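Got the structure open in your viewer? Let's walk through it one selection at a time.

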Amino acid sequence: MKDYKRGKIIRLNDDSEYLICDNVLMKNEEYFLLLNISGKMVNDYTEILMMKYDYPKSRFELVKDSNEVKDILTRMVDNS
Amino acid sequence: MGLTFGNKQEELTDGDKTYIITEIGKEPIEDEIDDSLIDNLDLVKDNRSLVSDSLKGINSDNIIESELIGQEYPEEVRVEMEDATNDYMKEIETIEEQAALVDAHDEVDENSSNSKKNEYVLAQVDINNQLLDVQLEVLQDIVEARTTNMELVQKHMDLGYDKEGHEIELESAKIMLDEYQNRIDEANLEKAKNSMIAEHFNSVDLDKIENYEQYFNAYVTGIEEMDQNEIETYDEIFTQYENFVEKYGNGFNTQEIKTYIKSYKDGKEKGKDIEEINDSFFEDHYTVQANELEEYNSEER
């Protein structure tokens, strides 16, 4: 069983590793704030990433829209 | 709150690129005593998110959807919905203050007595249960609001509006209903584990525990791995392990208790009694340790 939540560490197949710092469930998606803990930047990525799990589509996507990122970060801060 | 999967390999898409995600573990916070407060603060956050993002969001969708089919929500119903979410937020805040108060007043550290440490964790377990109770109420409200939402969407669709869009919406709502149901099951499982932890630590002989942190960490780390139907057996296994530790003089170790649970289950299936299980665990355990030592020594040379 996998359990994606705060405090868990995931690895992508390009060898980059991320700590899940926060997660928030929205209407049909769950967002995850990831901190790169690889000690090196991979591709053109930054230290912090956001991915979302789209429940109806059953898949993870990288969130790149800056307004979407901003909105989710605001909600994460509001709930803390 | 956290997404749970089966054994399916998960992928992350980034435009044309696809990455494979592997879960490799947990942030190494070994101390379950410290973790008990962090867990509560996480649960506070989850509860707030469920009220403000999920429940409020679905309620407002329902108001819009019912207006579209000409069934406006009466003012008093809107006020009731608003009051209910505000009450949940106040309740969460009150419990959060309690968690912080327990943390601030007790000032438990490694030099505190076993009874002081025990009092602290039992207070945090109680707060955890209060937060889970709120979460269960909120989740039930969300399930009801989602069900109403599906009925409204269906009515709107039956009136001939945007069949395709509404079908997708209904499909998504069904998937989310399952997800909320999973969360209800998870919260109930957590409550059952908390009750077992409280029962065990309320009756344990604190004078016999040499290292409270090791003991607590081992118990909690082990119970976290259990399913609903294994909780009571787990407590029995742990007590047997406690006997094993007493007899063979080992310290409590979270990794060891996991190995012991496996040996216990295997042994029981083979019809072994507890003495035999403990003896063979002792033997296996020390054989492994001896082998590791031998390997280490040969590398050194």
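## Start with chain B

Select chain B and colour by secondary structure: you should find eight helices and three strands. Follow the chain along its sequence and the pattern reads β-β-β-α-α-α-α-α-α-α-α, with the strands ahead of the helices. Keep in mind as you go that this is a predicted model.

How spread out is chain B next to a compact globule? Its radius of gyration is 25 Å, well over the 19 Å that the globule rule gives for 301 residues, so chain B is more spread out than a compact globule. Turn the view to look along the principal axes, and the C-alpha trace spans about 80 × 50 × 40 Å.

Now colour by accessibility. Of the 301 residues in chain B, 43% are buried. If you switch on contacts and keep those with a separation of 6 or more, 68% of them in chain B are between residues 24 or more positions apart.

## The two domains of chain B

Next, make two selections in chain B: residues 32-201 for domain 1 and residues 241-301 for domain 2, as the domain assignment has them. Put a marker at the centre of each, using the C-alpha atoms, and the distance between the two markers comes to 41 Å.

## A loop stop at B:D162

Stay in chain B and zoom in on B:D162. Which elements sit on either side of this residue? B:D162 lies in the loop between helix 3 (114-158) and helix 4 (163-203). Check the backbone here: phi of B:D162 is near 35°, a positive value in a residue that isn't glycine. Is B:D162 buried or exposed? With a relative accessible area of 51%, B:D162 counts as exposed, because the cut-off for that class is over 50%.

## The second largest pocket

Move along chain B and select B:K208, B:I209, B:E210, B:V245 and B:F252. You're now looking into the second largest pocket, which holds about 280 Å³ of space. The five residues you just picked are the closest to its centre, out of 13 that line it.

Add helix 5 (212-224) and helix 6 (231-248) of chain B to the view, since each is worth seeing here: these are the elements that give two or more residues to the pocket lining. Helix 6 of chain B has the largest share, with three residues. Colour the lining by class, and you get four nonpolar, five polar and four charged residues.

## Over to chain A

Hide chain B for a moment and select chain A. What does its secondary structure consist of? Chain A has one helix and six strands. From the N terminus on, the order is β-β-β-β-β-β-α, so the helix comes at the end of the run.

How does chain A compare with a globular protein of its length? The radius of gyration of chain A is 12 Å, close to the 12 Å given by the globule rule for 80 residues, so chain A is as compact as a globular protein of that length. Its C-alpha atoms fill a box of roughly 35 × 30 × 25 Å along the principal axes.

Colour chain A by accessibility too, and 54% of its 80 residues count as buried. For contacts between residues at least 6 apart in sequence, 27% of those in chain A join residues at least 24 apart.

## Two neighbours in a loop

Zoom in on the loop between strand 2 (8-12) and strand 3 of chain A, where you'll find A:D15. Phi of A:D15 is near 75°, another positive value in a residue other than glycine.

A:D14 lies in this loop as well. At 21% relative accessibility, A:D14 counts as partly exposed, because buried would need a value under 20%. Try the distance tool from A:D14 to A:L62: the two are 48 residues apart along the chain, and their C-alpha atoms are separated by 15 Å.

## Last stop: the cavity

Bring chain B back. How many cavities of 30 Å³ or more does the structure hold? There is one, and the largest cavity has a volume of about 40 Å³. Select A:D22, A:N23, A:V24, A:N79 and B:K45, the closest to the cavity centre among the 11 lining residues.

Both chains take part here. Strand 3 (17-25) and helix 1 (66-79) of chain A, together with helix 1 (32-68) of chain B, are the elements that give two or more residues to the lining. Finish by colouring that lining by class: three nonpolar, three polar and five charged residues.

Note on methods: Residues numbered from 1 in each chain as written. Chains lettered and ligands numbered in written order. Predicted model: local features only at pLDDT ≥ 70, side-chain atom pairs only at ≥ 80, totals over all residues. Heavy atoms only, no water. Domains from an automatic or database assignment. 1 Å grid on protein atoms, 1.4 Å probe; cavity = no way out; pocket = protein on both sides within 12 Å on 5 of 7 lines; lining within 4 Å. Points joined across faces, edges and corners; volume = space filled by probe spheres on them. Helix = DSSP H or I, 4+ residues; strand = E, 2+ residues; numbered from the N terminus. Nonpolar A, V, L, I, M, F, W, Y, C, P; charged D, E, K, R; others polar. Buried < 20%, exposed > 50% of the residue type's maximum accessible area, 1.4 Å probe, protein only. Rg over C-alpha atoms; globule rule 2.2 N^0.38 Å. Contact = heavy atoms within 4.5 Å.
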